[in-house]
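Here is a small set of exercises to work through with the model open beside you. Try each task yourself before reading its solution.

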Amino acid sequence: MCRECVKEEYPDRGTVCLDSGAYLANLRGCRGCGQKDTLAVANRTTQDTPQELVQYDHVCGGCSHVIASHTHRFWVEDDYQYYEMSCLLCGDADDTRSCQPDDPRLSTMLF
């Protein structure tokens, strides 16, 4: 991972959890060749254990310099879907969504 290639390390992305793609707005440019607009994915792996785990490297499309390592985790527990993302370039985020049509947590917040 290369801290010199990003504007901000691990920016807070709130609930935006990506299992693919890249947050190009945070890319300063490749330290190796200076390219700013083309990233590729390398070493992508997916594991389907109790949790789905997706890992890959963001690499420069010009010189293959490794910009960041990306991890995305997904699992279901007690009628909720959980998402987590951690990446030097894309940031840190987590989210929880109900599997039910009406989220019981929201109804208790209204009253």
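**Exercise 1: A charged patch**

Glu8 sits in the segment before strand 1 (39-48). Keep in mind throughout that this is a predicted model.

Task: Find which residues form a negative surface patch together with Glu8.

Solution. Begin with the surface at Glu8: its relative accessibility is 45%, so Glu8 counts as partly exposed. A patch takes residues with over 30% relative accessible area and no salt bridge, and joins like charges within 9 Å. The members of this negative patch are Glu8, Asp12, Asp92 and Asp94.

**Exercise 2: Salt bridges**

Task: State how many salt bridges the structure holds, then describe the partners of each one.

Solution. Let's start with the principle. Side chains of opposite charge can pair when their charged atoms come close. The cut-off used here is a side-chain nitrogen of Lys or Arg within 4 Å of a carboxyl oxygen of Asp or Glu. The structure holds three such bridges.

- Step 1. Arg3 pairs with Glu9, with 3.0 Å between the closest N and O atoms. Arg3 is exposed, at a relative accessible area of 53%, while Glu9 is partly exposed at 39%.
- Step 2. Arg73 and Glu84 form a salt bridge at 3.9 Å, N to O. Because Glu84 lies in strand 4 and Arg73 in strand 3, this pair ties together parts that are 11 residues apart in sequence. Both ends are partly exposed: Glu84 has 33% relative accessibility, and Arg73 has 28%.
- Step 3. Asp95 and Arg97 form a salt bridge whose closest N and O atoms are 2.8 Å apart. Asp95 counts as buried, at 13% relative accessibility, whereas Arg97 is partly exposed at 43%.

**Exercise 3: A buried arginine**

Task: Work out which side chain of opposite charge is nearest to Arg13, and how far away it is.

Solution. First, place the residue: Arg13 belongs to the segment before strand 1. Next, look for a partner. The nearest side chain of opposite charge is that of Asp12, 7.6 Å away, and Arg13 has no salt bridge although it is buried. Finally, list the surroundings. Setting aside residues up to four places away in sequence, Arg13 touches Leu18, Tyr23, Met85, Cys90, Gly91, Asp92 and Ala93. One of these, Asp92, will be familiar as a member of the negative patch.

**Exercise 4: Positive phi angles**

Task: Say where Asn43 and Asp78 are found, and whether each is buried or exposed.

Solution. Take Asn43 to begin with. Its phi is near 55°, a positive value in a residue other than glycine. Asn43 is found in strand 1, and its relative accessible area of 59% makes it exposed.

Now turn to Asp78, where phi is near 50°, again positive in a residue other than glycine. Asp78 is located in the loop between strand 3 (66-77) and strand 4 (80-87). With a relative accessible area of 64%, Asp78 is exposed.

**Exercise 5: Around Thr46**

Task: Which residues does Thr46 contact, leaving aside its neighbours within four places in sequence?

Solution. Locate Thr46 in strand 1; its relative accessible area is 45%, so Thr46 is partly exposed. With those sequence neighbours left out, the contacts of Thr46 are Glu52, Leu53 and Val54. To finish, compare positions along the chain and in space: Thr46 and Tyr56 are 10 residues apart along the chain, and their C-alpha atoms are separated by 8.9 Å.

Definitions and conventions: Residues are numbered from 1 along each chain as its sequence is written. This is a predicted model: local features need pLDDT of at least 70, side-chain atom pairs count only at pLDDT 80 or more; totals for chains, interfaces and linings use all residues. Side-chain values use heavy atoms; hydrogens and water are left out. Patches are made of residues with over 30% relative accessible area and no salt bridge: like charges are joined within 9 Å, nonpolar side chains (Val, Leu, Ile, Met, Phe, Trp, Tyr) within 5 Å. Accessible areas come from the Shrake-Rupley method with a 1.4 Å probe; for residues, only the protein chains shown count as cover. Lys and Arg count as positive and Asp and Glu as negative; His and the chain ends are not counted. The place of a charge is taken as NZ of Lys, CZ of Arg, CG of Asp or CD of Glu. Helices (H or I, at least four residues) and strands (E, at least two) are DSSP runs, numbered from the N terminus. Buried means under 20% relative accessible area, exposed over 50%, partly exposed in between (1.4 Å probe, protein chains only). Contact means heavy atoms within 4.5 Å.
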